Amino acid sequence: MMFDKVIDPGTLVSTPEGFTIGIRIPWYRALPLSTIEVNLLKVDGQEIPLETLFFNLNGKRRTLVELETIVDETWFITDTAVLEVMGYPLEPSSEHEVEAVVAVRPPYLKGGMRRVGHITRIMKAN
Amino acid sequence: MTQADIKLGSTLYAFTNEFHQRKYNFEDLVREVAKRNLGPGLEVVGFQSFRGFPTVSDDTAARFKNLIAETGLTPTCLGINADNWNRRDYTMSHQESVEYQALQIKAAAKLGFPVLRYQYAAGPEAIRELAPLAEDLGVKLGLEVHAPHSINHPEVMAYREMYAQTNSPYLGFIPDFGSSARTIPPIYLQYFRSRNVPEDVITHAVAMWHEDSDRFAKRVNFLEWAKGINLPDSLAAEVPIIFGLFSQQPLSNWLEIMPQTVHVHGKFYGVDESGEDPSMDYNGIIKVFLEGGYRGYISSEWEGHQVSDEDGFEKVARHHQMLFRILAENR
């Protein structure tokens with residue numbers, strides 16, 4: 001099952017500006033970035049404003065809004081994308097409850113039907 | 001009537017979890033199929049297995065061909081996609097869709113697949129236009145007849161009529177047995193229960209599924225019903241996928257398109273303790289395909305990975321055992 005694996009275990013990392021966390025695509029194939037949505041990221045019950053996130057994949061750093069128009073580049077099924085959060089410092093080695101919702105819109109389905117991945121994990125910041 | 005010759009194989013799609021969870025890389029996944037004797041047929045979904053697809057480099061093609069030589073498997077079918085809605089709020093034009101799929105036909109040829117699976121969203125006119133390319137490259141284009149379509153649905157009939165006009169041996173069909181199911185797989189009901197969908201909701205959804213009514217309307221009808229009983233949206237949203245993955249039609253329907261059947265998706269969700277598939281009647285299915293003189297591969301396609309973390313290799317091994325038994329009983 002892919003829908004409960006959207007957070008990659010062991011990937012919560014404290015940074016000087018905040019933290020990063022790895023996420024996985026909840027689908028069986030590579031999809032264009034235009035079909036990817038990150039709909040929720042919560043740490044210890046607090047929502048991270050989505051407009052402040054950066055999505056790092058394929059060696060590039062983008063905002064979620066920028067993903068919406070990228071059709072020629074895909075998220076491969078075995079790759080971890082790294083969400084970068086600024087202004088939310090985490091103590092190194094501290095434990096946190098992290099919740100994420102990542103949705104995909106399979107591009108061969110008319111009508112924009114979404115498949116939603118959702119998981120909450122207790123994670124230690126590295 | 002030709003003498004049937006049914007061969008077995010696997011699609012790597014059955015091992016989606018093993019690949020997604022990075023238990024095997026692509027090459028080791030193929031080796032594992034061979035090691036466990038789950039071939040000889042090997043089906044692959046282009047966008048699942050090949051990074052950068054539909055671009056296939058010379059190096060990628062050479063490595064794949066070496067892997068095939070090493071394992072002794074036979075490439076049967078490459079799954080391609082009609083990603084008409086890859087942009088938000090925009091549908092690909094006819095010409096864009098043709099070009100998008102032409103690239104994938106070329107990829108199939110370069111990788112050495114004799115058949116590809118295309119999706120109905122491609123549209124009959126795009127496929128009509130692509131038939132000469134398929135002929136030039138020696139790749140047969142198979143429309144997957146997938147739930148909730150039946151072979152008589154107007155959207156499938158449009159292809160059948162175009163095929164009759166075109167009369168190309170490179171245009172065919174790929175039956176998917178989710179579209180001739182007899183009930184909802186138990187693994188799905190277990191999943192709903194694990195998500196705390198109430199039992200009476202499950203019962204109602206299964207009853208709706210069995211109703212002889214417009215299967216394309218069942219999703220919306222269910223959601224309206226769920227709203228009426230104030231079922232939370234998050235629970236209601238889990239259920240209607242059963243109306244898209246499974247549908248009913250008489251098994252004898254497959255005979256109508258048998259001469260144009262270029263490959264088969266042996267869709268299944270599990271073989272029970274008695275050695276039978278509760279949701280797809282493989283005893284009946286295999287009899288129909290023997291009667292119809294089908295000569296080709298059936299890819300065992302376990303799709304339970306969408307709702308379960310059970311081992312895909314064990315599932316496919318049990319499916320092969322069941323198919324071998326049924327084939328032997330009908331010899």
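These are my notebook entries on a predicted model with chains A and B.

**Ground rules**

I count residues from 1 along each chain as its sequence is written, and chains are lettered from A, with ligands numbered from 1, in the order in which they are written. Since the model is predicted, local features need pLDDT of at least 70 and side-chain atom pairs count only at pLDDT 80 or more, while totals for chains, interfaces and linings use all residues.

**Entry 1: where A meets B**

I looked up the contact between the chains. It takes 17 residues from chain A and 26 residues from chain B. Two residues are in contact here if their C-beta atoms, placed from the backbone, lie within 7 Å. On the side of chain A that touches chain B, I find 11 nonpolar, three polar and three charged residues. For those classes, Ala, Val, Leu, Ile, Met, Phe, Trp, Tyr, Cys and Pro count as nonpolar, Asp, Glu, Lys and Arg as charged, and the others, Gly among them, as polar.

Next I picked out Phe76(A). It touches Ala30(A) and Arg51(B), leaving out residues up to four places away in sequence. Phe76(A) sits in the loop between strand E8 (74-75) and strand E9 (81-86) of chain A. Helices (H or I, at least four residues) and strands (E, at least two) are DSSP runs, numbered from the N terminus. Is Phe76(A) exposed, partly exposed or buried? With 19 other C-beta atoms within 10 Å, Phe76(A) is partly exposed. The cut-offs: buried means 20 or more other C-beta atoms within 10 Å of the residue's own, exposed means 12 or fewer, and partly exposed is in between, with C-beta atoms placed from the backbone. I also checked Phe76(A) against Thr15(A): they are 61 residues apart in sequence and 26 Å apart in space, C-alpha to C-alpha.

**Entry 2: domains of chain B**

The domain assignment splits chain B into domain 1 (5-182 + 247-329) and domain 2 (186-236). Those bounds come from an automatic or database domain assignment. The centres of the two domains, taken over C-alpha atoms, are separated by 28 Å. I find eight residues of domain 1 of chain B in contact with six residues of domain 2 of chain B. The domain 1 side of that contact has four nonpolar, four polar and no charged residues.

I then looked at Tyr191(B), which lies in helix H8 (residues 186-194) of chain B. Tyr191(B) counts as partly exposed, with 18 C-beta neighbours inside 10 Å. From Tyr191(B) to Tyr90(B) is 101 residues in sequence and 34 Å in space, C-alpha to C-alpha.

**Entry 3: two helix pairs in chain B**

First pair: H9 (residues 199-210) and H10 (residues 218-228) of chain B. Their axes come within 11 Å and cross at roughly 150°. Axes are lines fitted to C-alpha atoms, for helices over the stretch in contact, and angles run from 0 to 180 degrees between N-to-C directions. H9(B) and H10(B) are therefore roughly antiparallel to each other. By the cut-offs, under 35 degrees is roughly parallel, over 145 roughly antiparallel, 65 to 115 roughly perpendicular, and the rest oblique. H9(B) passes H10(B) in a right-handed crossing; a crossing is right-handed if the near helix is turned clockwise from the far one by less than a right angle, and left-handed if anticlockwise. His204(B), Ala205(B), Met208(B) and Trp209(B) of H9(B) meet Lys218(B), Asn221(B), Phe222(B) and Trp225(B) of H10(B). That contact divides into five nonpolar, two polar and one charged.

Second pair: H6 (residues 124-137) and H7 (residues 154-166) of chain B, whose axes come within 10 Å and cross at roughly 25°. That makes H6(B) roughly parallel to H7(B). H6(B) also passes H7(B) in a right-handed crossing. Pro124(B), Arg128(B) and Ala131(B) of H6(B) make the contact with Ala158(B), Tyr159(B), Met162(B) and Thr166(B) of H7(B). By class I get five nonpolar, one polar and one charged.

**Entry 4: backbone oddities in chain B**

Which peptide bond is cis at Pro40(B)? The one joining Gly39(B) and Pro40(B), with omega about 5°. Pro40(B) is in the loop between helix H2 (26-35) and strand E2 (41-45). The bond from Ala147(B) to Pro148(B) is cis too, with omega near 0°, and Pro148(B) is in the loop between strand E5 (140-145) and H7.

I noted positive phi at Arg22(B), about 60°, although Arg22(B) is not a glycine. Arg22(B) is partly exposed, with 13 other C-beta atoms within 10 Å. Asp89(B), also not a glycine, has a positive phi of about 55°. Asp89(B) lies in the loop between strand E3 (74-79) and helix H5 (94-111), and is exposed, with 7 other C-beta atoms within 10 Å.
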